[in-house]
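The exercises below are meant to be worked with the sequence and the structure side by side. Please try each task before reading its solution.

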Amino acid sequence: MKIATFNVNSLRVRQQVILNWLKEYKPDVLCLQETKVQDKDFPADAFADTGYEFIFKGQKSYNGVAIFSKHKFKDIQIGFDDEPNDGPRLIKAKIGKVNIVNTYIPQGYMPETDKFQYKLQWFKRLRKFFEDNFKPSDLIIWTGDLNAAMEDKDVHDPIGLKGHVCFCDETTKAIQNVIDFGFVDTFRLHNQEPGQYTFWDYRLRTLSGNQGWRLDYIYATKPLAKKCISCIIDKKPRTMNRPSDHTPLIAEFDI
DNA sequence: ATGGTCGGCAACCGA
C-alpha cells in the first residue's frame, strides 16, 4: 500500500499536476492540503475517470483538505469530534485496514500571537482526537503539512530560523506530545541524512541554494511502521509545472 | 541587497 501527502496550494491551479502525478506514482492513497476550494466548486468531473474516489472539505480562499483513494472509504470524519465546523484542516477515513488522518496544521504566523496559541492548541486537540478514537495498537497513518520542522537537520538554517513558529521548542514539544501517542516518522525510519526537505519558500526563490524545510510527514503507529518498506520525497520537485512550494512525500507499506 | 512571490479573489490575507 502506497500512501502519499502533498500540500498543493490550490487544487484547481494544480489540477493537471495532480492528475499527472497520480498516473505516474499510482499511490493507493493521496492526501492533499491547502486545496483552497469550496466544496461546491470542487472539480469532481476532472477526477471522475482516474479510478480514484475522493473525499474533501474546503472553504473560501484558505485551507482545505482532501483524500484520493483507489479503495473504498469507511468511517469518514471531517474535523475534530468537539468542533466539526472548525475549519477544514482534518479529514479522516478508514481505507482497507488503515485509518488515515490527513491534517493541515495552522501555520501560527508569529510567536506570542493568538494565531500561534491556536496552533499549539491544535496539536493538543489532535492528541485528544487520537486518544478518543484510537488505540496505539491500531493501524493509523497521521500525515499532512505539519508546519513544523523537528530537528536542526530538518531546516536549511537552524541557527537563523530558531524561534520561528515552525521551528521552536514550543512547537516541537506540542508535536512530540502527539507523536508520543505512539507514532513513528516513516521518513526518518529510512533516511537519516540532513537537508531532506519538502518545502521551499518561493519568496526566497531569487536567492540560491536548497533553502528548504521538512514540514510534511507520514507518521505511522508502531504496528504499521513495522511494515513500512520505504518513505521518499518526490525527487522531481521542480519539474512538474508547479510552482507549488511543497513537494509530495510517499510511503510504502507491506500490507 | 533587510527585499522578494504566489493564490484566492476582488482589497488585502495567508503562507
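**Exercise 1. Work out how far apart in sequence the contacting residues of chain A lie, and then describe the overall build of the chain.**

Begin with the contacts, bearing in mind that this is a predicted model. Among contacts in chain A between residues at least 6 apart in sequence, those that join residues at least 24 apart make up 69%.

Next, take the secondary structure: chain A holds 7 helices and 14 strands. Its radius of gyration is 17 Å, close to the 18 Å that the globule rule gives for 255 residues, so chain A is as compact as a globular protein of that length.

Then consider the extent of the chain, whose C-alpha trace spans about 45 × 40 × 35 Å along its principal axes. Finally, turn to burial, where 41% of the 255 residues of chain A count as buried.

**Exercise 2. In which order do the 6 strands of the open sheet lie, and which strands stand at its edges?**

Start with the order, which reads 3-4-2-1-14-13, with mixed pairing in this open sheet. The edges are held by strand 3 and strand 13 (228–233), and each of these has a single partner strand, so one side of each is left without a neighbour in the sheet. From one strand to the next, the twist averages 10 degrees.

Now look at one edge in detail, where strand 3 runs antiparallel to strand 4 and is joined to it by 5 bridges. As one point to locate on the display, Ile55 has Ile67 in strand 4 as its bridge partner.

**Exercise 3. Locate Lys26 and Ser61, whose phi values are positive, and decide for each whether it is buried or exposed.**

The background to this task is that most residues other than glycine have a negative phi.

Take Lys26 to begin with: its phi is near 45 degrees, a positive value in a residue other than glycine. Lys26 sits in the loop that lies between helix 1 (15–25) and strand 2 (29–33). To judge its burial, count the other C-beta atoms within 10 Å; there are 12, and because a residue with 12 or fewer is classed as exposed, Lys26 is exposed.

Ser61 can be treated in the same order, starting from a phi near 75 degrees, which is again positive in a residue other than glycine. Ser61 belongs to the loop between strand 3 (53–57) and strand 4 (65–69). With 9 C-beta neighbours inside 10 Å, Ser61 also counts as exposed.

Definitions and conventions
Residues are numbered from 1 along each chain as its sequence is written. Chains are lettered from A and ligands numbered from 1 in the order in which they are written. This is a predicted model: local features need pLDDT of at least 70, side-chain atom pairs count only at pLDDT 80 or more; totals for chains, interfaces and linings use all residues. Helices (H or I, at least four residues) and strands (E, at least two) are DSSP runs, numbered from the N terminus. The radius of gyration is taken over C-alpha atoms; the globule rule is 2.2 Å times the number of residues to the power 0.38. A residue is buried if 20 or more other C-beta atoms lie within 10 Å of its own, exposed if 12 or fewer, and partly exposed in between; C-beta atoms are placed from the backbone. Two residues are in contact if their C-beta atoms, placed from the backbone, lie within 7 Å. Two strands pair if DSSP finds at least two bridges between them. Axes are lines fitted to C-alpha atoms, for helices over the stretch in contact, and angles run from 0 to 180 degrees between N-to-C directions.
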